[in-house]
Amino acid sequence: MSPDGTYIAYVNSKNITESEIWVKDLNSGSTLEIYSNMICWNVKWSPDGSGVLFNTLHSTTAGGIYLIPRFGGTARQLADSPWLYTSWAPNGSRIAFVGVNDRTIRLLDIESGAIDTVFIEGIDTHVHYPDWSPSGQLILFQTDDEAYQKLWIARIDGTDPILLHKAVCGTSLFMMHPKWSPYGDAVYYLNGEMRGRLVFDLMKITVDAETGEASGDPVCVLAGLHSSAERGLGNVYSISHDGRYLLYNHMNIHSNIWLVTIEGKKGGYSTRKEQLTTGTTWKSLATISPDGNRIAFAMGDENAMNIYTMPLEGEAREPEQLTFFKSLSDLPVWSPDGSEIAFLSNQDGALRVWRVGAGGGIPEPFETSSARLESNYLAWAPGPDIIYRSKSVGLDNYTLLDPHSGRERLLIDDPPPGYMFSPVWSPDGKRIALFWNIPEKERQLMRTWVISVEDGSRRM
């Protein structure tokens with residue numbers, strides 16, 4: 001939202017390689033395209049409302065931070081690094097920015113192009129979402145590590161950092177996009193949780209405008225924003241300069257399940273697709289039973305998700321409900337013999353692995369299991385154990401749960417740095433394949449690994 005509250009600037013993504021920046025007059029309703037390029041994001045008005053700051057990519061490797069007049073014209077490049085979070089100084093003379101894996105904040109002078117690097121005292125982890133205070137004396141930012149997501153306020157030179165708020169990873173799925181209030185007397189941020197799908201609440205912490213000290217716990221200002229904050233680095237909400245209005249994007253999402261059948265022989269394949277479900281609820285990714293006759297999936301909304309099965313063939317293809325929780329259940333997977341279904345649920349207040357008979361029955365939790373909210377993957381058939389991401393281990397490991405004894409063990413005893421995801425069992429149940437991002441010379445290289453569950457050996 002522009003400083004005077006009369007215009008909004010936003011990105012219209014035509015497809016994954018084309019996007020445009022538009023300005024809309026809130027009084028007349030007229031719109032004007034002011035820029036187009038491969039990818040644009042993080043649109044922010046200059047403090048005087050004369051221009052629009054944004055990030056863009058010209059190609060997969062080239063881009064930067066640009067400033068363009070509010071009604072279009074020549075875009076001026078301010079920095080040549082594309083993947084950045086940005087924030088204006090209140091007087092419009094400088095911007096603060098960081099890269100995706102930066103441990104420092106850079107301050108760029110708009111006129112001279114000079115850049116000062118700010119090292120935050122005592123902070124040695126990645127810094128996100130810098131936001132300049134209205135007084136110009138403080139900087140708000142977020143850090144993430146394996147244990148916590150934290151909000152900090154420091155002097156603009158990096159001294160005297162104050163821990164404003166922290167959330168244990170796994171209890172707050174995403175803490176994102178902190179911003180100052182227009183008068184510097186509060187900090188807002190988005191808190192995301194899985195409620196059938198990722199839903200964000202707008203939170204507020206009252207602070208001292210001079211020191212940044214918090215004067216209370218976070219409170220929810222607006223619940224259930226169906227925002228696209230999970231889609232990346234964009235400026236997904238904005239507060240007017242008089243503090244009266246909140247501007248945010250709202251996504252209405254529903255899904256249905258389709259079946260694609262591959263027919264023919266090598267060299268002459270064809271596909272036939274048909275829609276299995278209807279309606280405007282959210283359905284999770286379906287999994288096919290070992291005998292290929294049924295699917296299991298979760299269905300519901302942000303208030304409650306339950307587990308269903310459905311036959312793939314026949315005229316009576318109607319969903320059959322297996323759980324009747326007033327909570328969130330998701331990620332159903334079949335046992336190797338198809339007699340049971342495991343899934344994640346927070347029915348008893350904690351996120352655990354549960355199981356229920358494929359034909360119905362009373363769902364039961366694995367009492368010792370404790371899953372992370374980031375556990376967006378569950379695997380079972382054709383392996384003997386259930387694989388999930390445990391709350392008790394770091395972000396770079398998985399837990400194997402024996403469904404008979406309930407005993408658990410780590411997939412890897414000595415996990416190196418990096419991030420693993422999407423594990424799947426080999427057909428013989430002796431190996432696990434997964435993706436693994438391992439840092440190498442300040443880059444994250446995603447590769448596929450195979451790990452033996454018998455002796456722990458692994459190969460890329």
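**Cysteines: Cys220 counts as partly exposed, at 43% relative accessibility.** Cys40, in contrast, is buried, with a relative accessible area of 5%. Here buried means under 20% relative accessible area, exposed means over 50%, and partly exposed lies in between (1.4 Å probe, protein chains only). The count of disulfides is 0, a disulfide being a pair of cysteine sulfur atoms within 2.5 Å. This is a predicted model, in which local features need pLDDT of at least 70 and side-chain atom pairs count only at pLDDT 80 or more, while totals for chains, interfaces and linings use all residues. Residues are numbered from 1 along each chain as its sequence is written, and side-chain values use heavy atoms, with hydrogens and water left out.

**Hairpin: strands β2 and β3 form a hairpin with 5 residues between them.** Strands (E, at least two residues) are DSSP runs numbered from the N terminus, and two strands pair if DSSP finds at least two bridges between them. β2 covers residues 18-25 and β3 covers residues 31-37; the two run antiparallel and are joined by 6 bridges. Ser19 stands opposite Asn37 in β3. In the turn, Gly29 has a positive phi of about 85°.

**Salt bridge at Glu18: the side chains of Lys14 and Glu18 meet at 4.0 Å, N to O.** A salt bridge is a side-chain nitrogen of Lys or Arg within 4 Å of a carboxyl oxygen of Asp or Glu. Glu18 is partly exposed, with a relative accessible area of 36%. Across the whole structure, a search finds 12 salt bridges.

**Open sheet: 4 strands are arranged in the order β8-β9-β10-β11, with antiparallel pairing.** The edges are β8 (84-88) and β11 (115-118), each of which pairs on one side only. From one strand to the next the twist averages 25°; axes are lines fitted to C-alpha atoms, and angles run from 0 to 180 degrees between N-to-C directions. β8 and β9 (residues 94-99) are paired over 5 bridges in the antiparallel sense. Trp88 stands opposite Ile95 in β9. In a regular strand, side chains alternate between the two faces of the sheet.

**Nonpolar patch: Val219, Val221, Leu222, Leu246 and Tyr248 make a surface patch of about 360 Å².** A patch is made of residues with over 30% relative accessible area and no salt bridge; nonpolar side chains (Val, Leu, Ile, Met, Phe, Trp, Tyr) are joined within 5 Å, and like charges within 9 Å. Accessible areas come from the Shrake-Rupley method with a 1.4 Å probe, and for residues only the protein chains shown count as cover. β19 (219-225) and β21 (246-248) are the elements that give two or more residues to the patch. The most comes from β19, with 3 residues. Val221 is found in β19 and is partly exposed, with a relative accessible area of 44%.

**Salt-bridge network: Glu263, Arg272, Glu274 and Arg317 are linked by salt bridges.** Within the network, the side chains of Glu263 and Arg272 meet at 3.0 Å, N to O. Glu263 is partly exposed, with a relative accessible area of 32%. Arg272 is also partly exposed, with a relative accessible area of 39%.

**Positive phi in strands: Leu331 has a phi near 60°, and Ser422 has a phi near 55°.** Most residues other than glycine have a negative phi, and most peptide bonds are trans. Leu331 lies in strand β29 (residues 329-334) and is partly exposed, with a relative accessible area of 22%. Ser422 lies in strand β36 (residues 419-425) and counts as partly exposed at 27% relative accessibility.

**Loop between β32 and β33: a cis peptide bond joins Ala381 and Pro382, with omega about 5°.** Pro382 lies in this loop, between β32 (364-365) and β33 (386-388). Asp385 forms a salt bridge with Arg409, the closest N and O atoms being 3.8 Å apart. The pair links distant parts of the chain, 24 residues apart, with Asp385 in the loop between β32 and β33 and Arg409 in strand β35 (residues 408-410). Asp385 is buried, with a relative accessible area of 10%, whereas Arg409 is partly exposed, with a relative accessible area of 41%.
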